[in-house]
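Me: I'm new to this one. Could you walk me through how to read it, one feature at a time?

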Amino acid sequence: MSDAPPGSDGNDGNDDIDRLMEIAGGFMTAKVLLVAARTGLFTELADGPLGEEQLRSRLGVHPRAARDYFDALVALGALERTDGRYANAPAAARHLVRGRPGYLGGLLELSDARMYELWGRLEEALTTGRPQNGIEAGEDGIYASLYDDPARVDAFQEAMTGLSLRSARALAEAFDWSSVRTVADVGCADGTALAHLLQHHPHLRGTGFDLPALEPAFRRRLAGSGVGDRLVFHPGDFFRDPLPTADVLVLGHVLSNWSLPKVTLLLRKAFEALREGGVLIVYETLIDDERRENVPGLLMGLTMLLETPGGFEYTGADCRGWLSDAGFRESTVRPLAGPESMVVAVK
């Protein structure tokens, strides 16, 4: 955005106004999509188009609201409308219908039920530096109450699956797995990334490492994966227990949850668990090194402020420095999927 007076460069300032208004109104478009995902609108349309009255009735939408609501989703590209009947746009059909392999709606549902309200407390977080989700027990208490409730565990893991889905798919192609025999995903959640890797590389054997409360979700994913004979779950706490040994260790969306001392502890433990020549892959919504371009990475950093006592997002250069301190002899940063990147380090 230029500091020059409007009109001095042939721009009357309208472009700037439009951009600012688009940013300022982002919460409105977000809420339209988030509510649609949480209430199952896209799932209702999974079997085919419905008229306004049919869709309105199924969802319990008031007649006064229905037309503008559904047409807003058309304008946003989430729905299509033909002869007064609404249908899922291709992206919604692939990613917002519950039960389909590419489902991202769990992340949207969590965003609507939890993150939308949490972001309303951003100013408080900015002035206090404290999480806004009620955590008082410090870093050791981040997941304690969450994992005491199986229903909340399932919802959280479905959301994490949505967050990792693109990177999990890209990881199968973005790294040369031909000479790798074993891979362990540390903080594997429900095992989506591992299952995808093993499906695409039949020679691989995998281990999922996470807290015991995650095992039921992992088992459910395993049952439908077709790779159950090559994939196992190893329960444990990655701060207290030794990490599994494998040719490649993966830390996906893990390090940003924790303060720097815990980050460096995990990287040292990964180094110790790997054999000479072993590889560690770290993937996140990394902030660009100049901290100017990757808006999703910077917003993820603020999410960590809102959600965790010490978590933060970081740059590829930050991570490479920590890896060097942990003993890794070389590391590179590579793009992965969308705003996400991975850091590949060799012991």
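Me: Let's begin with the strands. How many bridges join E7 to strand E8, and do they run parallel or antiparallel?

Reply: This is a predicted model, so keep that in mind throughout. For a strand pair, look at the bridges and at the direction of the two strands. E7 and E8 (residues 279–284) are joined by five bridges and run parallel. Within that pair, leucine 251 sits opposite valine 282 of E8.

Me: How does the chain cross from E7 to E8, and what is the handedness of the crossover?

Reply: Follow the chain after the end of E7. The path goes through helix H12 (residues 260–273) and on to E8, making a β-α-β crossover that is right-handed.

Me: Which other strand is joined to E7, and by how many bridges?

Reply: That's strand E4 (residues 182–186), with three bridges to E7, and these two also run parallel. Aspartate 185, for instance, has valine 250 in E7 as its bridge partner.

Me: Is E7 itself enclosed or open?

Reply: For this, check how many of the strand's residues are buried, meaning under 20% relative accessible area. In strand E7 (residues 248–252), five of the five residues are buried, so the strand is largely enclosed by the rest of the structure. Val248, Val250 and Gly252 point one way, while Leu249 and Leu251 point the other way, and all are buried.

Me: Now the helices. What describes two packed helices?

Reply: You need the angle between their axes and the distance between those axes. Here, helix H7 (residues 105–119) packs against helix H13 (residues 295–307) at about 90 degrees, and their axes are 10 Å apart. H7 and H13 are therefore roughly perpendicular to each other.

Me: Which residues of H7 and H13 meet?

Reply: From H7 come Arg114, Met115, Leu118 and Trp119; from H13 come Leu299, Leu302, Thr303, Leu306 and Glu307. Sorted by class, this contact has six nonpolar, one polar and two charged residues.

Me: Can we try a single residue? Where does threonine 161 lie, and is it buried or exposed?

Reply: Start with its helix, then its accessible area, then its contacts. Threonine 161 lies in helix H9 (residues 150–174). Its relative accessible area is 9%, so threonine 161 is buried. Leaving aside neighbours within four places in sequence, threonine 161 is in contact with Asp190, Thr192 and Arg221. Its C-alpha atom is 8.6 Å from that of tyrosine 103, and the two residues are 58 apart along the chain.

Me: And the whole chain: how many helices and strands are there?

Reply: There are 14 helices and ten strands. Of the chain's 347 residues, 48% count as buried.

Terms used
Residues are numbered from 1 along each chain as its sequence is written. This is a predicted model: local features need pLDDT of at least 70, side-chain atom pairs count only at pLDDT 80 or more; totals for chains, interfaces and linings use all residues. Side-chain values use heavy atoms; hydrogens and water are left out. Axes are lines fitted to C-alpha atoms, for helices over the stretch in contact, and angles run from 0 to 180 degrees between N-to-C directions. Helices (H or I, at least four residues) and strands (E, at least two) are DSSP runs, numbered from the N terminus. Angles under 35 degrees count as roughly parallel, over 145 as roughly antiparallel, 65 to 115 as roughly perpendicular and the rest as oblique. Contact means heavy atoms within 4.5 Å. Ala, Val, Leu, Ile, Met, Phe, Trp, Tyr, Cys and Pro count as nonpolar, Asp, Glu, Lys and Arg as charged, and the others, Gly among them, as polar. Buried means under 20% relative accessible area, exposed over 50%, partly exposed in between (1.4 Å probe, protein chains only). Two strands pair if DSSP finds at least two bridges between them. A crossover is right-handed if, with the strands pointing away from the viewer, the path from the first strand over the helix to the second runs clockwise.
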